[in-house]
Amino acid sequence: MSINIMCHNLEETEQLAHHFANIIKDTGAFICLFGEVGAGKTAFTKFVCKYLNVKEKVTSPSFVILNEYKTGLLPIYHFDLYRLENEGINTIINELEEYSEGKILTLVEWAEFSQNAVPFDKIDLNIVYLDENTREFIFTANGTKSENIIKRLKDENISF
Ligand SMILES: Nc1ncnc2c1ncn2[C@@H]1O[C@H](COP(=O)(O)OP(=O)(O)OP(=O)(O)O)[C@@H](O)[C@H]1O
Ligand SMILES: [Mg+2]
């Protein structure tokens, strides 16, 4: 099950993230973020954190691999696997499943290395760069929990 939503500027991406935050705030979610450098993986994450009332400054975890935010409506784990070597990826893959359970939000940038290796319930979010300000957001559910989230996103009839 999937849904495509076009955002024509950063403000629309913020509105989409606001809807998404409202939907997942009671359940949590595990999200793999795909898209080229500058697509908007971190931008989307920052807005979701904003609407989950995160008080800390949300920054890209490119260099630290993982940022944790504990001041929001639920615990948030933001990974960026871009700089990990094979050995580190294998270690993280084994640990990621723990981050898919319970009422927490996990967002993983550059998870392509581990796409086949994470069989648990998750949402794949592909962000397609179309031009300087336009992005297509494609959410695909894998698993019952994620399907319910995508269903709720569909019910909101978001279109810009
Ligand atoms: N509609 C839009 N949605 C998201 N970002 C947008 C949009 N329009 C412009 N941008 C800009 O695109 C950039 C996205 O950068 P961001 O750091 O989020 O990318 P990224 O996918 O995390 O890249 P990286 O792979 O380097 O981590 C930001 O500068 C943001 O302001
Ligand atoms: Mg990023």
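Let's start at the ligand: the shell around ligand 1 divides into 5 nonpolar, 9 polar and 3 charged residues. Keep in mind that this is a predicted model. The shell has 17 residues, and the ones that come nearest to ligand 1 are Thr 13, Gly 40, Lys 41, Thr 42 and Ala 43. Two elements, H1 and H2, give two or more residues to that shell. H2 gives the most, with 3 residues.

So much for the pocket residues; now for the sheet. Strands of a sheet pair through backbone hydrogen bonds, either parallel or antiparallel. Here 7 strands make an open sheet with mixed pairing, and if you walk across it the order is S1-S7-S6-S2-S5-S4-S3. At the edges sit strand S1 (2-7) and strand S3 (66-69), each of which pairs on one side only. Ignoring direction, neighbouring strands of this sheet are turned by 15 degrees against each other on average.

For a look at one pair in detail, take strand S4 (residues 76-80) and strand S5 (residues 105-109), which run in the parallel sense and share 5 bridges. If you want a residue to click on, Ile 76 has Leu 105 in S5 as its bridge partner.

Next come the helices that lie on this sheet. Helix H2 (residues 41-51) lies across strand S2 (29-34), S3, S4, S5 and strand S6 (122-129). Relative to S5, H2 runs at about 165 degrees. Helix H4 (residues 144-155) lies across S1, S2, S6 and strand S7 (135-142), and its angle to S7 is about 140 degrees. Both H2 and H4 therefore have S2 and S6 on their lists of strands.

How do the helices meet each other? Two packed helices are described by the angle between their axes and the distance between the axes. For helix H1 (residues 10-24) and H2, the axes come within 8 Å and cross at roughly 50 degrees. That angle is why H1 and H2 count as oblique to each other, and their crossing is right-handed. From H1, the residues in this contact are Leu 10, Thr 13, Glu 14, Ala 17, His 18, Phe 20, Ala 21 and Asn 22. They meet Ala 43, Phe 44, Phe 47, Val 48 and Tyr 51 in H2. By type, the contact of H1 with H2 divides into 9 nonpolar, 3 polar and 1 charged. You may recognise Thr 13 and Ala 43 here, since both are among the residues that come nearest to ligand 1.

H1 has a second partner, H4. Their axes come within 10 Å and cross at roughly 135 degrees, so H1 and H4 are again oblique to each other. This crossing is right-handed as well. On the H1 side you'll find His 19, Phe 20, Ile 23 and Ile 24, which meet Ile 149, Arg 152 and Leu 153 in H4. The residues of this contact divide into 5 nonpolar, 1 polar and 1 charged. Phe 20 of H1 takes part in the contact with H2 and also in the one with H4.

Methods
Residues numbered from 1 in each chain as written. Chains lettered and ligands numbered in written order. Predicted model: local features only at pLDDT ≥ 70, side-chain atom pairs only at ≥ 80, totals over all residues. Pairing = 2+ DSSP bridges. Helix = DSSP H or I, 4+ residues; strand = E, 2+ residues; numbered from the N terminus. Axes fitted to C-alpha atoms, helices over the stretch in contact; angles between N-to-C directions. Contact = placed C-beta atoms within 7 Å. Parallel < 35°, antiparallel > 145°, perpendicular 65-115°, else oblique. Left-handed = near helix turned anticlockwise from the far one by under 90°. Nonpolar A, V, L, I, M, F, W, Y, C, P; charged D, E, K, R; others polar. Near = placed C-beta within 6 Å.
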